[in-house]
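This is a walk through one structure, taken a part at a time. Keep the sequence and the model in view while reading.

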Amino acid sequence: QVQLVESGGGLVQAGGSLRPSCAASGRTLSNYRMAWFRQAPGKDREFVAAIAWSPGSTTYDDSVNGRFTISRDNGKNTVYLQMNSLKPEDTAVYYCNAVHPGQRVGLWRDWGQGTQVTVSS
């Protein structure tokens, strides 16, 4: 059973940067395409970005393309999300999960607790 632990969120002003991370146990992340999702208050969880098991192949939602960068360290079994030029509309709880290629829904049933990102205007 996989356990995902997200961390690295926080409170920043608009235009600032954060770099959340997602560490896993119970699974070797290098075997999976990994993704970040986010859920704002009162909204459904939505796809943000994904990275293939072989680094270099990434996919981004249009809302973050050019501002966010997803990366992974297979040796540390960890996935990262570099978030630059943050906007108030990026405020949400951020989660990671595996995804099938071409899909934008979480593969594993069990999600982590997420990490809160709050962007003030």
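Is Phe-37 buried or exposed? In this predicted model, Phe-37 counts as buried because its relative accessibility is 3%, and the limit for buried is under 20%. Phe-37 is a useful place to begin, as several parts of the structure can be reached from there.

The structure holds four aromatic pairs. A pair of aromatic rings is described by the distance of the centres and the angle of the planes. In one of the pairs, Phe-37 meets Phe-47 edge-to-face, with 6.0 Å from centre to centre and 80° between the planes. This pair links distant parts of the chain, since Phe-37 belongs to strand β4 and Phe-47 to strand β5, 10 residues apart. Phe-47 is buried, because its relative accessible area is 7%, again under 20%.

Phe-37 also forms an edge-to-face aromatic pair with Trp-111, at 5.2 Å centre to centre and with 80° between the planes. Phe-37 lies in strand β4 and Trp-111 in the loop between β9 and β10, so this pair ties together parts that are 74 residues apart in sequence. Trp-111 counts as partly exposed, because its relative accessibility is 28%, which falls between the 20% limit for buried and the 50% limit for exposed. Together, Phe-37, Phe-47, Tyr-95 and Trp-111 form one aromatic cluster.

Arg-45 meets two rings of this cluster. The charged end of Arg-45 sits over the ring of Tyr-95, 4.3 Å from its centre. Arg-45 also lies over the face of Trp-111, at 3.8 Å from the ring centre.

The strands just named belong to a sheet. Strands of a sheet pair through backbone hydrogen bonds, either parallel or antiparallel. Here, six strands make an open sheet in the order β2-β10-β9-β4-β5-β6, and the pairing is mixed. At the edges are β2 and β6 (58-60), each of which pairs on one side only. From one strand to the next, the twist averages 25°.

Within this sheet, β4 and β5 pair in the antiparallel sense over five bridges, and Met-34 stands opposite Ile-51 in β5. β4 and β5 form a hairpin with six residues between them. In the turn of that hairpin, Gly-42 has a positive phi of about 75°. On to the edge: three bridges join β5 to β6, and these two strands run antiparallel. Ala-50 stands opposite Thr-59 in β6. As for its surroundings, β5 is mostly covered, with five of its six residues buried.

A second sheet is also open. It has four strands in the order β1-β3-β8-β7, with antiparallel pairing. The edge strands are β1 (3-7) and β7, and each pairs on one side only. The twist in this sheet averages 15° from one strand to the next. β1 and β3 run antiparallel and are joined by five bridges; Leu-4 stands opposite Ala-24 in β3.

Which residues have the most contacts inside the largest nonpolar core? They are Trp-36, Val-48, Phe-68, Ile-70, Leu-81, Met-83 and Tyr-94, in a core of 27 residues. The elements giving two or more residues to this core are β3, β4 (33-39), β5 (46-51), β7 (68-73), β8 (78-83), β9 (92-99) and β10 (115-120). The largest share, four residues, comes from β9. Apart from this core lies another, of five residues, among them Ala-35, Phe-37, Phe-47 and Val-99.

Val-48 shows how parts of the chain meet. Leaving out residues up to four places away in sequence, Val-48 touches Trp-36, Phe-37, Arg-38, Thr-59, Tyr-60, Asp-61, Val-64, Phe-68, Leu-81 and Tyr-94.

The last stop is a loop residue. Arg-19 is placed in the loop between β2 (10-13) and β3 (21-25). Arg-19 is partly exposed because its relative accessible area is 46%, between the limits of 20% and 50%. Although 10 residues separate Arg-19 and Gly-9 in sequence, their C-alpha atoms are 7.2 Å apart in space. Beyond residues up to four places away in sequence, Arg-19 touches Gly-8, Ser-71, Tyr-80, Leu-81 and Gln-82. Leu-81 is thus a contact of Arg-19, and Leu-81 is also among the residues with the most contacts inside the largest nonpolar core.

Terms used:
Residues numbered from 1 in each chain as written. Predicted model: local features only at pLDDT ≥ 70, side-chain atom pairs only at ≥ 80, totals over all residues. Heavy atoms only, no water. Buried < 20%, exposed > 50% of the residue type's maximum accessible area, 1.4 Å probe, protein only. Contact = heavy atoms within 4.5 Å. Core = buried A, V, L, I, M, F, W, Y, C linked by side-chain atoms within 4.5 Å. Pairing = 2+ DSSP bridges. Axes fitted to C-alpha atoms, helices over the stretch in contact; angles between N-to-C directions. Phe/Tyr/Trp six-rings, centres within 6.5 Å; stacked < 30°, edge-to-face > 60°. Lys NZ or Arg CZ within 6 Å of the ring centre and 35° of its normal.
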